[in-house]
Amino acid sequence: MTLNEDHPAVPLASLRSVSRQYGDLSVLQDVTLDLHAGEFVSVTGPSGSGKSTLLSVLGLLERPSRGQVCLHGQDAWTLPDRAQSRLRGEMLGFVFQGFHLLPELSALDNVARPLRWAGVTRVRARERALHALEAVGLGARAGHRPAQLSGGEQQRVAIARAIVREPALLLADEPTGNLPQAMWGEILDLFADLHARGHTVVVVTHDPLVAARAQRHVVLKDGRVVEDGRR
Ligand code: ADP
Ligand code: MG
């Protein structure tokens, strides 16, 4: 079937009139957003504008107070727990500002962990983890523990862990935030490369240079989308 105006593609992910409150603080207010396969989106806005909350809600880590989160057209919070976990595990990859690697495990075992959780055999998980580490240029460092790696390398391990299950949607929250500026380029190149290889990428950032690498720019202010532009 050919896609055209009359048969638009189902968005990969959408927020429909999503609000999130903490007590009487409205952190997201009536946010509606469609993310389509193949997009590379930046989310910027002042500190406290709701960027991290937006990402957590998109990634099903937080439940909205109102509104719907749809993944592949399915209203994710109406699914039974197990179906929702499966959807999250298969479809979403997360990269956080603090890399959240387990210090006692090698890079390879950190990356293999989500696969082991998903029931993949140890041998196969390690093969796929090595492949993901190679994709981020760290094949030769697979046996190193996090403390033996630079900050940029640790973040690349975290990115390998996020992509090892080949998620359709990669969500990154200030992925360069804990790194010296000299290392930002290598991380951004990596996201551009993952995007070129078919991942849909959403990067939250406060840095305009980071945002400049994306093709669509969403700006939040006080929990609302105040700009949403494509280049
Ligand atoms: P950003 O990532 O843009 O800096 P956040 O989404 O982290 O913004 O937070 C937006 C607002 O929500 C902030 O005012 C923050 O203090 C508040 N907030 C975030 N998480 C919680 C929470 N778990 N409980 C209470 N308030 C929170
Ligand atoms: Mg944040």
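Does Arg230 count as buried or exposed, and at what relative accessibility? In this predicted model, Arg230 counts as exposed, at 55% relative accessibility, and the legends below begin with the salt bridge that this residue forms.

**View 1. A salt bridge between Arg230 and Glu39.** The closest N and O atoms of Arg230 and Glu39 are 3.0 Å apart. Because Arg230 belongs to strand E10 (residues 224-230) while Glu39 sits in the loop between E2 and strand E3 (40-44), the pair ties together parts that are 191 residues apart in sequence. The two partners differ in their surroundings, since Arg230 is exposed, whereas Glu39 counts as buried at 12% relative accessibility.

**View 2. A salt bridge between helices H6 and H5.** Glu186 forms a salt bridge with Arg156, with 3.1 Å between the closest N and O atoms. Glu186 lies in helix H6 (residues 184-196) and Arg156 in helix H5 (residues 151-163), so that parts of the chain 30 residues apart in sequence are tied together by the pair. Glu186 is partly exposed, having a relative accessible area of 32%, while Arg156, with a relative accessible area of 16%, is buried. Elsewhere, salt bridges with shared partners join Glu39, Arg216, Asp228 and Arg230 into one network.

**View 3. A salt bridge between Glu62 and Arg20.** The count of salt bridges in the structure comes to eleven, and one of them is formed by the side chains of Glu62 and Arg20, at 3.1 Å from N to O. This pair links distant parts of the chain, 42 residues apart, with Glu62 in the loop between helix H1 (51-58) and strand E4 (66-71) and Arg20 in strand E1 (residues 13-22). Glu62 counts as buried at 18% relative accessibility, and Arg20 likewise counts as buried, at 17%.

**View 4. The one aromatic pair of the structure.** The ring centres of Phe94 and Phe96 lie 5.8 Å apart and the ring planes are at 5°, so the pair is stacked. Phe94 is buried, with a relative accessible area of 16%, whereas Phe96 counts as partly exposed at 31% relative accessibility.

**View 5. Positive phi at Asp30 and at His100.** Asp30, although not a glycine, has a positive phi of about 55°, and this residue is placed in strand E2 (residues 25-35). His100 is also not a glycine and has a positive phi of about 55°, but His100 is found in the loop between strand E6 (92-95) and helix H3 (107-117). With a relative accessible area of 56%, His100 is exposed.

Definitions and conventions:
Residues numbered from 1 in each chain as written. Chains lettered and ligands numbered in written order. Predicted model: local features only at pLDDT ≥ 70, side-chain atom pairs only at ≥ 80, totals over all residues. Heavy atoms only, no water. Helix = DSSP H or I, 4+ residues; strand = E, 2+ residues; numbered from the N terminus. Buried < 20%, exposed > 50% of the residue type's maximum accessible area, 1.4 Å probe, protein only. Phe/Tyr/Trp six-rings, centres within 6.5 Å; stacked < 30°, edge-to-face > 60°. Salt bridge = Lys/Arg side-chain N within 4 Å of Asp/Glu carboxyl O.
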